[in-house]
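Biologist: I have a structure open and I'd like to learn how to read it. Could you walk me through it, feature by feature?

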Amino acid sequence: MDLEFEKKWQGVLQNVKNLTDETPDIQAILFLIGVQELGGKHQKFSKNQKLDVMHVAICTLLSQYGYYEYEGNDADGWPHFKPTEKLPHLKPMQQNLLMRQAIVEYFEEENKTTLP
């Protein structure tokens with residue numbers, strides 16, 4: 001694994017840990033990104049809504065690679081995406097790496113150092 005990337009990933013983990021006082025996993029980071037993409041509204045989400053929040057994050061992250069395209073928000077303020085390119089078949093380790101890379105790029109491109 002690329003040493004520079006690993007340093008960046010550890011930086012993301014540390015930034016999130018500083019906000020939440022817990023060492024995050026990818027699912028926690030996805031949830032926080034999803035909440036941020038929803039405008040940072042702190043609210044209670046149902047179990048299904050939590051999955052939707054994570055879906056927003058995944059679509060946002062994968063739109064960086066052209067797999068999804070943002071279509072706009074619905075009346076409730078939830079962003080919607082359409083698939084634009086078929087995702088490649090990836091093994092679990094490859095999926096994990098892709099998401100970690102996308103998370104690092106998300107923070108770099110958006111100059112986001114904090115989450116809601």
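Biologist: Where do I begin? In what order do the elements of the protein chain run from the N terminus on?

Modeller: Start by tracing the chain from one end. This is a predicted model, and its elements come in the order α-α-α-β-β-α. That makes 4 helices and 2 strands.

Biologist: How compact is the chain for its length?

Modeller: Set the radius of gyration beside what the globule rule gives. Here the radius is 14 Å and the rule gives 13 Å for 116 residues, so the chain is as compact as a globular protein of that length. Along the principal axes, the C-alpha atoms fill a box of roughly 45 × 35 × 25 Å.

Biologist: What share of the contacts joins residues 24 or more positions apart?

Modeller: Take the contacts with a separation of 6 or more; 54% of them are between residues 24 or more positions apart.

Biologist: And what percentage of the residues count as buried?

Modeller: Of the 116 residues, 35% do, where buried means under 20% relative accessible area. As for the outside, the chain exposes about 7600 Å², with carbon and sulfur atoms supplying 50% of that.

Biologist: Which residues touch the most other members of the largest nonpolar core?

Modeller: For a core, look at which members touch which. The largest one here has 25 residues, and those touching the most other members are Trp-9, Val-12, Ile-29, Leu-30, Ile-33, Leu-61 and Ile-103. Helices H1 (3-20), H2 (26-37), H3 (47-63) and H4 (92-109) each supply at least two residues of this core. H4 gives the most, with 7 residues.

Biologist: Can we zoom in on one residue? What is Leu-30 in contact with, leaving aside neighbours within four places in sequence?

Modeller: Click on Leu-30 and look around its side chain. Its partners are Val-53, Met-54, Ala-57, Ile-58, Leu-61, Met-99 and Ile-103. There is also a second, separate core of 6 residues, with Leu-38, Phe-45, Val-53 and Trp-78 among them.

Biologist: Now a loop. Where is Asp-21 found, and is Asp-21 buried or exposed?

Modeller: Asp-21 sits in the loop between H1 and H2. Its relative accessibility is 68%, so Asp-21 counts as exposed, the cut-off being over 50%. Check the backbone too: phi of Asp-21 is near 65°, a positive value in a residue other than glycine.

Biologist: Last one: how far apart are the mean positions of the positive and negative charges?

Modeller: Average the places of each kind of charge, then compare. With 12 positive and 17 negative charges in the chain, the two mean positions are 5 Å apart.

Methods
Residues are numbered from 1 along each chain as its sequence is written. This is a predicted model: local features need pLDDT of at least 70, side-chain atom pairs count only at pLDDT 80 or more; totals for chains, interfaces and linings use all residues. Side-chain values use heavy atoms; hydrogens and water are left out. The radius of gyration is taken over C-alpha atoms; the globule rule is 2.2 Å times the number of residues to the power 0.38. Buried means under 20% relative accessible area, exposed over 50%, partly exposed in between (1.4 Å probe, protein chains only). Contact means heavy atoms within 4.5 Å. Accessible areas come from the Shrake-Rupley method with a 1.4 Å probe; for residues, only the protein chains shown count as cover. Lys and Arg count as positive and Asp and Glu as negative; His and the chain ends are not counted. The place of a charge is taken as NZ of Lys, CZ of Arg, CG of Asp or CD of Glu. A nonpolar core is a set of buried Ala, Val, Leu, Ile, Met, Phe, Trp, Tyr and Cys residues joined through side-chain atoms within 4.5 Å.
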